[in-house]
Amino acid sequence: MRVLVISTPVDTHFLPLLPLIRALTDAGHEILVTGQPDVTRVAEAAGLPAVTFGEAFHSEDLRGGRRPAGLRPIEVFGRPDRQQIGGVAQVWRNHVPYFLPDYLELAREWGAELVLSEHMEFAGSIIGAVLGIPNVQHRWGVHPTAPAMLNFVRLYQGPVCERLGLDSVPVPDLLLDPAPPSLADRDAPAARPIRPVPHTEPGTPWTYRTPPGRRVAVALGGHTLDLDGTGLLRRIVDVLSGIGGVEAVVSAPPRHREAIGALPEGMSYTELTAPGLLFTGSDLVIHHGGANSTLGAAALGIPQLVLPQLGDAFVAGDRIADAGAGLALDSAELQNDPGQLAKAVRALLDDPALRADADAVRAEIARMPSPAEVAVQLEQLTTRRAVSA
């Protein structure tokens, strides 16, 4: 089976697909990734064949808006409402027509038999419908596109689909959801579960020197730091130092370390970003609410302190807190208050109930179908399509 993989040009949208892609290649299927350099360079680094169209998209340009220098988005705009969070789908709806002809031509020439895309890459369903092959969408977090927003997106895709000879705007043949029951959106369209697997980039897991109990991994994400988040990271470091007995690993690119400053004794910088390497062995993860961090820590059963800055990260914080698997500070006032940060960190390190709830979420995830099991289901999907044709 030949599987064409398409993603919006954001590496963190693509990475959650990798475990399923690995399972498909392990089963002997051919994979081809296509998109802009933001994604294809990540695919190639993972050893996957890729075809690039266009220039880098630089999605980070969409995130910060016009802000006074030195202020994080949350300090200027506050928490977005549900409609604002869902509105990001419009960006990727507008992106579809630019490369759809290229993707279609590639799919035809390569002989694609199934299209796999993440849930904001709306071209995948159109390609599947035009070519008569199954199309599968894979969500990448705990906040799927709301039904009302999906209807709005499809409304504006109508003319594109008509020009391609389609009677209606297609929907996925199969939707995959990596969110476990306790974190899933109950109002979202039905989907088939797939177990999230913490990403492991080339490298080895971080090695802690102290016994378990006070090990902390801090990963606010490169975009947070780019959007004036170095002051927040410094505040976290100082809070951890003041609590005492904490060993911390701090993920930060070298370009930001001068602004953050030297780390206290017992803390180390790293360039690791993959949750499967950075979080393993920790007792607490402090992060920005990104999909890979949220589900990565959840799959490992580690309590989380979520400090959202943008978009659906606020939803991730809500879900983690509601499940009892961690805490979320969702306002600039809370995040900028060292006392509130210290209170949250102490609770997460010392409260056995929070650790038990985090472990319960881990157990839920362990019961979800593995990527290998889902790969078999995709094979059956193409077989049924071939028989019915």
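This passage describes a sheet, two helices and two individual residues in a predicted model.

The sheet offers a convenient place to start. Seven strands form an open sheet with parallel pairing, in the order β3-β2-β1-β4-β5-β6-β7. Its edges are β3, covering residues 50–52, and β7, covering residues 192–193, and each of these pairs on one side only. At the β3 end, strand β2 (residues 30–35) runs parallel to β3 and is joined to it by three bridges. One pairing to look for here is that of T34, whose bridge partner in β3 is V51. Helix α2, made up of residues 18–26, lies across β1 (2–6), β2, β4 (114–118), β5 (135–138) and β6 (174–177). Relative to β2, helix α2 runs at about 145 degrees.

Next comes a charged residue, D38, which belongs to helix α3 (residues 37–45). D38 is buried, yet it has no salt bridge. The nearest side chain of opposite charge is that of R41, 4.5 Å away, whereas a salt bridge requires a separation within 4 Å. A polar atom of the D38 side chain does, however, lie 3.2 Å from the backbone nitrogen of H58. H58 also appears among the residues in contact with D38 once neighbours within four places in sequence are left aside. The others in that set are P9, V10 and D11, together with E55, A56 and F57.

Helix α12 gives a clear picture of burial. Nine of its ten residues (the helix spans 291–300) are buried, so α12 is largely enclosed by the rest of the structure. The buried positions are A291, N292, S293, T294, L295, G296, A297, A298 and A299. Their surroundings include both helices and strands: the buried residues pack against helices α1 (11–14), α11 (275–278), α13 (313–322) and α16 (352–367), and against strands β11 (284–287) and β12 (304–306). After α12 comes G301, which has a positive phi, near 75 degrees.

A final stop is T207, in the loop that connects β7 to β8 (215–219). T207 counts as exposed because its relative accessibility is 61%, and the cut-off for that class is over 50%. Along the chain, T207 and V249 are 42 residues apart, and in the model their C-alpha atoms are separated by 9.5 Å. The two individual residues can thus be viewed side by side: D38 is buried, whereas T207 is exposed.

Notes:
Residues numbered from 1 in each chain as written. Predicted model: local features only at pLDDT ≥ 70, side-chain atom pairs only at ≥ 80, totals over all residues. Heavy atoms only, no water. Helix = DSSP H or I, 4+ residues; strand = E, 2+ residues; numbered from the N terminus. Buried < 20%, exposed > 50% of the residue type's maximum accessible area, 1.4 Å probe, protein only. Lys, Arg positive; Asp, Glu negative; His and termini not counted. Polar contact = N/O pair within 3.5 Å; in protein donor to acceptor, adjacent residues only side chain to side chain. Contact = heavy atoms within 4.5 Å. Pairing = 2+ DSSP bridges. Axes fitted to C-alpha atoms, helices over the stretch in contact; angles between N-to-C directions.
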